[in-house]
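Work through these exercises with the model open beside you. Try each task before reading its solution.

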Amino acid sequence: MPATVIVGAQWGDEGKGKITDILAEDAAVVVRYQGGSNAGHTVVVNGEEFKLHLIPSGILHEKTTCIMAAGTIIDPISLRDEVEGLRERGISCENLLISENAHVIMPYHRLLDGLQEEARGRHSIGTTRRGIGPTYTDKTARMPQSIRMVDLLDDDVLRERIEAQLAQKNIIIREVYGHDPVDPMETFDEIAEVLDVVRPFVADVRREIREAMVADANVVLEGAQGTFLDLDYGTYPYVTSSHPVAGGACLGTGVGPTEIDEVVAVVKAYTTRVGSGAFPTELEDETGDQLRERGAEFGTTTGRPRRCGWLDGVALRTAAELNGATRIAITKLDVLDELETVRIATEYEINGERHERMPENLDLLAHARPIYEEMPGWQQSVTGAQSRSDLPDEALAYIERMSELAGCEVWCVSVGPARDQTIRY
Ligand code: IMP
């Protein structure tokens, strides 16, 4: 039963979409296990760019069943927009299934996300304002009126739940945030408009996953965001509200831990972060700007410029352990092509003490001073490299060091956005 987890080893945006797209070629099923429309995958196929937020990148392979599992949350309006966008470009989306148990992001969750961010003032998290936090909060609050995908199948149930939810939420919206209340009927109408597109996708996805596993077909479990945005293991409170770490794949899909035989940690050759929170190797200088420009580091979902910095080997070592990584997939190596020297933080110094791993008390990260190893750059383009032997020695040494820090083998190295710009190691 070959199940493979794809997990981001940094703060998201590692290029998981491209790696999943490659693995999806031989997979019967690709399952997204957490998160919602806060994610962003850019996949390039035959020179055409696809930007996906919610739907797993496996959708581009029509023979692969694409599943949004119970651990995800679904914004029906974003879903409709994404499905229609794909259909316009000839992707049918007939291979998409969504768990009956996935919770629904409602327009008032998006509103609350924005209101909460404003109220946090200088402590704002920098969320994507897609309603992620408020929807997961309702889920864990176990509200009888919470809305799951299955509830979208019945107009009366949906209407009643929206009314019940808003009876409570409008008190908060009005009294706490001083905002105009939300009209339940308008909300219902807004959702009703997309139901024809959304309803056919709702299914018993656990059965689908189980059948694929029993048939010994390849199953890929794809995480969104990254390890250090995990609610428990990330840089709290500057995190998302779900579990991007590999353990989240079991929770989100119902696949047991003993059934996972490969965990591919996707790591960009340098580091980026969007939103607030500690970032020890951040470069607020010309090199940082160069990485942002060359790497096109602007959010797929929000368009925000990403913060950029050197590769953080302390974070990589920690992420590999937290995820039980069996291999790493290195992305965007080509972005470093022009640099004379490249740096990797291999330890932090915090209050006079050296740390090889992220401290459990992540508040300490704010005081971390990275200790760097400097390596010669390769100063030539690697974008056309087809195999390991096409790579310059300096690039090979850099890859080798990344593998040592992660404590596992390299599965592939990506040297450009296209599918064929991928070296299988
Ligand atoms: P939320 O997930 O929208 O609540 O945002 C919480 C934090 O996670 C913010 O710092 C976001 O910028 C970050 N975040 C959420 N999704 C992504 C992603 O796909 N890539 C990178 N950062 C993300």
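The exercises go from the whole chain to the ligand site and then to single residues.

This is a predicted model, in which local features need pLDDT of at least 70, side-chain atom pairs count only at pLDDT 80 or more, and totals for chains, interfaces and linings use all residues. Residues are numbered from 1 along each chain as its sequence is written, and side-chain values use heavy atoms, with hydrogens and water left out.

**Exercise 1. Describe the overall build of the protein chain.**

Step 1: Take the secondary structure. The protein chain has 12 helices and 20 strands. Helices (H or I, at least four residues) and strands (E, at least two) are DSSP runs, numbered from the N terminus.

Step 2: Check the dimensions. The C-alpha atoms fill a box of roughly 65 × 50 × 40 Å along the principal axes. The radius of gyration is 21 Å, which agrees with the value near 22 Å for a compact globule of 425 residues. That radius is taken over C-alpha atoms, and the globule rule is 2.2 Å times the number of residues to the power 0.38.

Step 3: Look at burial. Of the 425 residues, 58% count as buried. Buried means under 20% relative accessible area, exposed over 50%, and partly exposed in between (1.4 Å probe, protein chains only).

Step 4: Look at contacts (heavy atoms within 4.5 Å). Among those between residues at least 6 apart in sequence, 75% join residues at least 24 apart.

**Exercise 2. Characterise the ligand site.**

Step 1: Find the shell. The ligand has 17 residues around it, and D13, N38, T128, T240 and R304 come nearest. A residue is near a molecule if one of its heavy atoms lies within 4 Å of it.

Step 2: Sort the shell. It divides into 7 nonpolar, 8 polar and 2 charged residues. Ala, Val, Leu, Ile, Met, Phe, Trp, Tyr, Cys and Pro count as nonpolar, Asp, Glu, Lys and Arg as charged, and the others, Gly among them, as polar.

Step 3: List polar side-chain atoms beside the ligand. One of T128 lies 2.6 Å from a ligand oxygen atom. One of Q225 lies 3.2 Å from a ligand nitrogen atom. One of T240 lies 2.6 Å from a ligand oxygen atom.

Step 4: Gauge the cover. The protein covers 97% of the 470 Å² of accessible area that the ligand has on its own (Shrake-Rupley method, 1.4 Å probe).

**Exercise 3. Is T281 buried or exposed, and what does T281 touch?**

Step 1: Place the residue. T281 sits in the loop between β12 (271–273) and α10 (286–294).

Step 2: Read its accessibility. T281 has a relative accessible area of 0%, so T281 is buried.

Step 3: Name the partners. Leaving out residues up to four places away in sequence, T281 touches T271, G309, W310, L311, D312, A345, P370 and Y372. The backbone oxygen of W310 lies 2.8 Å from a polar side-chain atom of T281.

**Exercise 4. Set L251 beside W411.**

Step 1: Start with L251. It is found in helix α9 (residues 247–253). L251 is exposed because its relative accessible area is 68%. The C-alpha atoms of L251 and Q34 are 8.9 Å apart, with their positions 217 residues apart along the chain.

Step 2: Go to W411. This residue lies in strand β19 (residues 409–414). W411 counts as buried, at 12% relative accessibility. Beyond four places in sequence, its contacts include I19, R327 and Y425.

Terms used:
A polar contact is a pair of N or O atoms within 3.5 Å; within protein, one must be able to donate a hydrogen and the other to accept it, and residues adjacent in sequence count only if both atoms are side-chain atoms.
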